[in-house]
Amino acid sequence: HYQRAVELDPENAIPHNNLGSAFSNLGKFEEALLYVEKAVEIAPKRAESYYGLTSVLLNMGDTEKAETLLRDLTNKFPDNYSFVSRQGLVFEKQGDIEGAKEKYERTLGWYKGLPKREQRNNNNIILAVRADQGLSRIVESYQPELTEKALEAGTITHQEVERVRVS
């Protein structure tokens with residue numbers, strides 16, 4: 001379906017992004033890059049155009065390129081916390097636990113500061129859950145000594161710590 005959408009509307013970034021993501025999920029990274037890069041070329045001012053590219057780079061394991069791109073994107077789109085959260089994932093994969101922790105906490109702080117009606121937005125909920133899961137992984141798996149500090153600061157709850165231990 002995505003291929004047909006690209007054929008029907010070759011100047012629409014969304015089908016390119018979707019097709020690139022599909023190829024990435026299949027492990028066909030060369031094909032994926034062609035489509036997600038085309039999405040960025042078509043709509044370079046839309047943050048959404050870059051989601052596929054960052055995802056493909058992460059799926060490929062190219063954390064260096066992902067880190068550079070995400071640094072540029074957070075400067076270009078400073079209010080886009082999807083990019084901030086993804087930076088946390090990159091830092092986590094690179095072993096930069098403090099950097100990852102800072103990005104995840106920043107994302108959760110942003111979410112908690114949203115008006116209640118915006119907190120109910122599915123995309124915002126997903127973003128907060130991913131940041132929370134990343135923070136939980138770091139606190140419990142990578143640096144157990146941070147658990148007590150995070151609990152005291154209210155960044156995570158005892159239930160979240162227990163959930164990570166069980167999984």
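# Helix contacts, cores and ring pairs

Visitor: What is the relative accessible area of E102?
Guide: The model is predicted, and in it E102 is partly exposed. Buried would need a value under 20% and exposed one over 50%, so E102 falls between the two cut-offs with a relative accessible area of 38%.

Visitor: Which residue does the side chain of E102 meet in a salt bridge?
Guide: The distance from N to O in this salt bridge is 3.5 Å, inside the 4 Å cut-off. The partner lies in helix α7, residues 97-112, and counts as buried at 12% relative accessibility. The partner of E102 is K103.

Visitor: Which residues does K103 touch, not counting those up to four places away in sequence?
Guide: K103 is itself a member of α7. The residues it touches are also listed among the buried residues of α6. They are V84, Q87, G88 and F91.

Visitor: How far apart are the end C-alpha atoms of α7?
Guide: Helix α7 has 16 residues, for which 1.5 Å a residue is expected. The expected span uses one less than the number of residues, so the end C-alpha atoms of α7 should be, and are, separated by 22 Å.

Visitor: How many residues of α6 are buried?
Guide: Helix α6 covers residues 81-94 and is mostly covered. Its buried residues include Y81, F83, V90 and E92. Out of 14 residues in α6, the number buried is 11.

Visitor: Which residue reaches the backbone nitrogen of S82 at the start of α6?
Guide: The contact is made by a side-chain oxygen, which comes to within 3.0 Å of that nitrogen. Since a polar contact is allowed up to 3.5 Å, the pair is inside the cut-off at its 3.0 Å. The residue that supplies the oxygen is N80.

Visitor: Which residue follows α6, and what is its phi?
Guide: The end C-alpha atoms of α6 are 20 Å apart, which agrees with the span expected for its 14 residues. The residue after the helix is G95. Its phi is positive, near 85°.

Visitor: How many residues apart in sequence are the parts that E92 and R137 tie together?
Guide: The side chains of E92 and R137 meet in a salt bridge at 2.8 Å, N to O. E92 is buried at 7% relative accessible area, whereas R137 is partly exposed at 31%. Because E92 lies in helix α6 and R137 in helix α9 (residues 122-142), the separation in sequence is 45 residues.

Visitor: Is R117 buried or exposed?
Guide: R117 and E118 form a salt bridge through their side chains, 3.3 Å from N to O. E118 is partly exposed, with a relative accessible area of 32%. R117 has a relative accessible area of 59%, and the cut-off for exposed is over 50%, so R117 is exposed.

Visitor: Which elements give two or more residues to the largest nonpolar core?
Guide: This core has 21 residues, and the members that touch the most others are Y50, L53, L73 and F83. The contributing elements are α2, α3 (29-42), α4 (48-60), α5 (63-76) and α6.

Visitor: What does Y50 contact outside its neighbours within four places in sequence?
Guide: Y50 is a member of the largest nonpolar core, as are L73 and F83. Y50 also belongs to one aromatic cluster with Y51, F77 and F83. Its contacts are V40, P44, L69, L73, K76, F77 and F83.

Visitor: What is the angle between the planes of F77 and F83?
Guide: The structure holds five aromatic pairs, and F77 with F83 is one of them, 6.0 Å centre to centre. Both residues are buried. The pair is classed as tilted, a class that lies between the 30 and 60 degree limits, because the angle between the planes is 40°.

Visitor: Which helices are tied together by the pair of Y81 and W110?
Guide: The rings of Y81 and W110 are stacked, with 5.0 Å between centres and 15° between planes. Y81 counts as buried at 15% relative accessibility. The pair links parts that are 29 residues apart in sequence, because its residues lie in helices α6 and α7.

Note on methods. Residues numbered from 1 in each chain as written. Predicted model: local features only at pLDDT ≥ 70, side-chain atom pairs only at ≥ 80, totals over all residues. Heavy atoms only, no water. Helix = DSSP H or I, 4+ residues; strand = E, 2+ residues; numbered from the N terminus. Buried < 20%, exposed > 50% of the residue type's maximum accessible area, 1.4 Å probe, protein only. Polar contact = N/O pair within 3.5 Å; in protein donor to acceptor, adjacent residues only side chain to side chain. Core = buried A, V, L, I, M, F, W, Y, C linked by side-chain atoms within 4.5 Å. Contact = heavy atoms within 4.5 Å. Phe/Tyr/Trp six-rings, centres within 6.5 Å; stacked < 30°, edge-to-face > 60°.
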